[in-house]
Amino acid sequence: VPGHAIDTSEEFARHRDSIDPLRGFRERFEFPRLRRTGLETRPAIYLAGNSLGLMPKSVREIVNEELDDWAALAVDAHFDARRPWYSYHEIFRDPGARLVCGESHPDCPEVVMMNSLTLNLHLMLTTFYRPTKDRHRILIESHCFPSDRYAVQSHLGARGIEQSQGIVEIAPRPGDHLIRTDDVEELLAREGESIAVVLLPGVNFFTGQAFDIERITRAAHAQGCIAGWDLAHAAGNLTMRLHDWNADFAVWCSYKYLNAGPGAVAGCFVHEKHGRNLDLPRFAGWWGNDPATRFNMLEERVFRPRAGADGWQISNPPIFAMAPLKASLDIFDEATMPALRAKSLEVTTYLRGLLERDNADNRGFEITTPREPNRHGCQLSILVHDRPRERFQALLDAGVVCDFRAPNVIRAAPAPLYNSFHDCWTFARVFDSLA
Ligand SMILES: Cc1ncc(COP(=O)(O)O)c(C=O)c1O
């Protein structure tokens with residue numbers, strides 16, 4: 001609550017950390033030591049998990065295990081490795097589902113980890129964007145992540161649809177930073193009949209605004225549109241129930257809050273109602289084929305998809321790239337998303353309170369991320385009116401890692417797995433030192 005008394009003492013930050021039930025997870029991660037600022041003697045204050053999550057220490061061991069299995073078993077590792085490679089993708093099914101949709105049915109899994117986010121988006125648009133003469137538009141945000149826009153543009157191009165005809169954008173109202181759910185609903189009620197796919201983020205990368213997935217999906221379906229979600233900034237950040245919310249598809253990356261490393265293998269959700277429809281058109285490859293006939297190499301000429309999200313796989317899984325994901329999702333299963341979300345809300349509210357403690361507007365910045373708990377995740381986006389680059393540089397010089405989005409936004413994301421209240425306290429102290 002702005003203007004509300006907040007204890008700004010360092011002791012209070014330390015006290016909050018001492019009673020944090022998740023505090024033990026911090027030491028399971030490698031913290032960088034910043035060579036560029038000459039601070040390599042101590043670990044950085046790392047608030048950039050919205051960009052690239054930290055490396056879990058267990059990754060090294062798990063990757064080495066796969067290397068050892070390759071060395072010792074070679075081709076036999078497909079079936080004899082400690083985690084057999086042939087079914088490797090299946091070990092992510094339940095942990096992946098716990099992140100985004102709840103338990104899924106083994107005969108029709110809703111989550112598969114594969115490829116990269118944008119590639120998965122292409123696969124989903126190939127299936128779910130079925131333009132007709134009257135319904136051929138795709139709804140995106142005016143400030144969507146560039147990759148999503150390019151993916152959409154290329155699908156329009158591939159189907160011979162003019163960009164100007166095929167894209168409809170939802171934007172914040174003039175002077176606002178955030179998109180109102182009411183405005184999305186109103187746009188859908190007005191123009192939904194011409195919209196084939198609604199493609200929105202779970203959390204906007206720039207503002208940190210969380211979208212009401214359930215409500216927007218309902219509004220999209222009421223107009224006969226497909227509702228697809230880019231969860232790059234939502235996976236491992238928000239608690240979600242995509243199955244119950246009836247979302248049609250979703251894609252996400254694993255290198256941000258999921259801490260699975262740069263370019264890590266991404267996620268894809270396909271709702272069971274579509275997963276059971278084996279007639280849906282798709283780009284096919286042997287790994288999406290029903291395992292029962294996958295190896296009938298000479299007799300089989302017809303692709304028979306496996307039911308569920310697995311039926312959108314194309315190639316056999318890259319084991320060394322997936323091993324870090326195993327280390328990472330084990331940690332998520334141990335910590336659990338509800339507990340992480342509870343801490344995330346506490347720690348972000350604390351950081352916000354420190355920054356806003358006396359009227360932020362008078363101190364040359366505003367936090368554009370929504371204040372309401374159900375409208376944000378861990379990230380706070382700070383629009384800095386006064387000397388934005390100097391403030392960012394001061395943070396870097398003090399060994400605080402966050403990120404800068406030109407022209408004047410600093411994003412800081414206290415990730416509940418490895419960030420502390422004291423990290424937030426340090427951020428606020430350095431941020432304020434230039435006020
Ligand atoms: C919201 C959003 N969508 C898409 C992408 C692109 O992801 P990738 O390069 O893994 O395909 C990103 C990457 O940061 C993102 O933040």
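Q: Two strands count as a pair if DSSP finds at least two bridges between them, and this is a predicted model, so how do you know that S11 and strand S12 pair?
A: S11 and S12 (residues 380-384) are joined in the antiparallel sense over three bridges. The cut-off is at least two, so three bridges make them a pair. Going through the partners, Ile-367 is matched with Ile-382 in S12, and Phe-365 with Val-384 in S12.

Q: What makes S12 and S15 a pair?
A: Four bridges, again antiparallel. With at least two needed, four bridges qualify, so S12 and S15 pair. Ile-382 has Ile-410 as its bridge partner in S15.

Q: Why are S11 and S14 called edge strands?
A: Strand S11 (365-367) and strand S14 (403-405) each pair on one side only. The sheet they belong to is open, with four strands in the order S11-S12-S15-S14 and antiparallel pairing. Its twist averages 25° from one strand to the next.

Q: What packs on the sheet, and how do you know that it touches the strands?
A: That's helix H14 (residues 337-355), which touches S11, S12 and strand S15 (409-412). To count as contact, heavy atoms must lie within 4.5 Å. The direction of H14 makes about 20° with that of S12.

Q: Why is S12 called largely enclosed?
A: Five of its five residues are buried, so the rest of the structure largely encloses S12. Buried here means under 20% relative accessible area. Both faces are covered, with Leu-380, Ile-382 and Val-384 on one side and Ser-381 and Leu-383 on the other.

Q: What makes helix H16 largely enclosed too?
A: Eleven of its 13 residues are buried, so H16 is largely wrapped by the rest of the structure. The buried ones include Phe-421, Trp-425, Phe-427 and Phe-431, along with polar residues such as His-422 and Asp-423.

Q: How do you know that the span of H16 agrees with its residue count?
A: Helix H16 (residues 421-433) should span 18 Å at 1.5 Å a residue, and its end C-alpha atoms are 18 Å apart, so the two values agree.

Q: Why is the contact between Arg-190 and Glu-191 called a salt bridge?
A: Their side chains come to 3.1 Å, N to O. The limit is 4 Å, so the pair makes the cut.

Q: What makes Glu-191 partly exposed rather than buried?
A: Its relative accessibility is 23%. Buried would need under 20% and exposed over 50%, so 23% puts Glu-191 in between.

Q: How do you know that Asp-310 and Arg-306 form a salt bridge?
A: Their closest N and O atoms are 3.8 Å apart. That is within 4 Å, so the pair counts. Asp-310 and Arg-306 are both buried.

Q: What makes Asp-330 and Lys-326 a salt bridge, and where do they lie?
A: The N to O distance is 2.9 Å, which is within 4 Å, so they qualify. Both lie in helix H13, four residues apart, about one turn of the helix. Asp-330 has a relative accessible area of 36%, so it is partly exposed.

Q: Which residues do salt bridges with shared partners join into one network?
A: Arg-137, Glu-186, Arg-190 and Glu-191. The whole structure holds 33 salt bridges.

Q: How many residues does the largest nonpolar core have, and which have the most contacts inside it?
A: It has 73 residues, and Trp-229, Leu-231, Leu-242 and Trp-252 have the most contacts inside it. Helix H13 (residues 319-335) supplies the largest share, nine residues. Leaving aside neighbours within four places in sequence, Leu-231 touches residues including Val-100, Ile-213, Met-240 and Trp-252.

Terms used. Residues numbered from 1 in each chain as written. Predicted model: local features only at pLDDT ≥ 70, side-chain atom pairs only at ≥ 80, totals over all residues. Heavy atoms only, no water. Core = buried A, V, L, I, M, F, W, Y, C linked by side-chain atoms within 4.5 Å. Buried < 20%, exposed > 50% of the residue type's maximum accessible area, 1.4 Å probe, protein only. Axes fitted to C-alpha atoms, helices over the stretch in contact; angles between N-to-C directions. Expected span 1.5 Å × (residues − 1).
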